[in-house]
Amino acid sequence: MASEEETFRAYTQAQGETYAARRPGYSPELFKIIIAHHTSTGGQLDTVVDIGCGTGQATLDLAPYFANAIGLDPSEGMIGTARASAESANLPIRFEVSAAEALGTDLEPHIADGSVDLLTAATAAHWFDMARFWPSAARVLKSGGTSDHTSQNKSK
């Protein structure tokens, strides 16, 4: 069994705020492309789960497309910042502390089997223990759901 990732788990709320202020956002066009692909394959727009959501940047951008939006991150500091951002934006997003490998099994209420339409990880999947993540992803995704792992291109 792989050891648990500790880098982001230890982030404080102040570090989360600094991270949010300095991390570049994503192009709105990216989310249009993700949604267009997802719906073109029959994907529904009920529930999105953003794994490794950090301060919630991608979750905030995806939430308006879905009836339910959930952001998961192993860091309480990051989640605290994400919750504050969602409140400021007046978006009803559920942000919770949970690792990608658990994918909400440790929450109450938990993320139900077969309940997620789009599972996304925006510049976060490289931190996951993929051998433990994929079975959890398969458990929560609806039949016909989409798993999207996006990364930022930092070249100019």
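**Exercise 1. State how strand β2 and β3 pair, then place the pair in its sheet**.

Solution.
Step 1. In this predicted model, strand β2 (residues 68-73) runs parallel to β3, and five bridges join the two.
Step 2. One position shows the register: isoleucine 70 stands opposite arginine 94 in β3.
Step 3. The sheet that holds them is open, has five strands with parallel pairing, and follows the order β3-β2-β1-β4-β5.
Step 4. β3 (93-97) and β5 are the edge strands; each has a single partner strand, so one side of each lacks a neighbour in the sheet.
Step 5. On average, and with direction ignored, neighbouring strands of this sheet are turned by 20 degrees against each other.

**Exercise 2. Find what helix α2 and helix α4 pack against**.

Solution.
Step 1. Helix α2 (residues 28-40) packs on the sheet and touches β4 and β5. The direction of helix α2 makes about 155 degrees with that of β5.
Step 2. Helix α4 (residues 76-88) lies across β2 and β3. Its angle to β3 is about 170 degrees.
Step 3. For the wider setting, the chain has five helices and five strands. Read from the N terminus on, the elements run α-α-β-α-β-α-β-β-α-β.

**Exercise 3. Describe the salt bridges and the exposure of the residues that form them**.

Solution.
Step 1. The structure holds six salt bridges. Three of them are treated here, beginning with arginine 94.
Step 2. Arginine 94 pairs with glutamate 96, with 3.3 Å between the closest N and O atoms. Arginine 94 is partly exposed, at a relative accessible area of 23%, and glutamate 96 is partly exposed too, at 22%.
Step 3. This pair belongs to a network of salt bridges that links Glu76, Arg83, Arg94 and Glu96.
Step 4. Lysine 142 and aspartate 117 meet in another salt bridge, 3.0 Å from N to O. The pair links distant parts of the chain, since lysine 142 is in strand β5 (residues 141-150) and aspartate 117 is in strand β4 (residues 116-122), 25 residues apart.
Step 5. Because buried means under 20% relative accessible area, aspartate 117 counts as buried at 1%. Lysine 142, at 22%, is partly exposed.
Step 6. Arginine 132 and aspartate 129 form a salt bridge at 3.7 Å, N to O. Arginine 132 is partly exposed at 26%, whereas aspartate 129 is buried at 17%.

**Exercise 4. Identify the largest nonpolar core and the elements that supply it**.

Solution.
Step 1. The largest nonpolar core has 19 residues. Within this core, the residues with the most contacts are Phe31, Val48, Leu62, Ile93, Phe95 and Leu118.
Step 2. At least two residues of this core come from each of α2, α3 (57-62), α4, β3 and β4.
Step 3. Take valine 48: leaving out residues up to four places away in sequence, valine 48 touches Leu62, Phe66, Asn68, Ala69, Ile70, Leu118 and Thr120.
Step 4. Another core, of 18 residues, lies apart from the largest one and includes Ile70, Leu107, Ile111 and Val116.
Step 5. For the chain as a whole, buried residues make up 47% of the 156 residues.

**Exercise 5. Decide which side of helix α5 is buried and name what covers the buried residues**.

Solution.
Step 1. Helix α5 (residues 130-140) has Phe133, Ser136, Ala137 and Val140 as its buried residues.
Step 2. These residues span an arc of only 105 degrees around the axis, so they lie on the same side of α5.
Step 3. Ala131, Pro135 and Ala138 are exposed on the other side of α5.
Step 4. The cover over the buried residues of α5 includes β1 (47-51), β4 and β5.

**Exercise 6. Locate glutamate 101 and list its contacts**.

Solution.
Step 1. Glutamate 101 lies in the loop between β3 and β4, and is buried with a relative accessible area of 13%.
Step 2. Neighbours within four places in sequence are set aside. Glutamate 101 is then in contact with Trp127, Phe128, Asp129, Arg132, Phe133 and Ser136.
Step 3. Glutamate 101 and phenylalanine 128 are 27 residues apart in sequence, and their C-alpha atoms are 7.1 Å apart.
Step 4. Across the chain, among contacts between residues at least 6 apart in sequence, 69% join residues at least 24 apart.

Key: Residues numbered from 1 in each chain as written. Predicted model: local features only at pLDDT ≥ 70, side-chain atom pairs only at ≥ 80, totals over all residues. Heavy atoms only, no water. Salt bridge = Lys/Arg side-chain N within 4 Å of Asp/Glu carboxyl O. Buried < 20%, exposed > 50% of the residue type's maximum accessible area, 1.4 Å probe, protein only. Helix = DSSP H or I, 4+ residues; strand = E, 2+ residues; numbered from the N terminus. Pairing = 2+ DSSP bridges. Axes fitted to C-alpha atoms, helices over the stretch in contact; angles between N-to-C directions. Contact = heavy atoms within 4.5 Å. Core = buried A, V, L, I, M, F, W, Y, C linked by side-chain atoms within 4.5 Å. Arc of directions from axis to C-beta.
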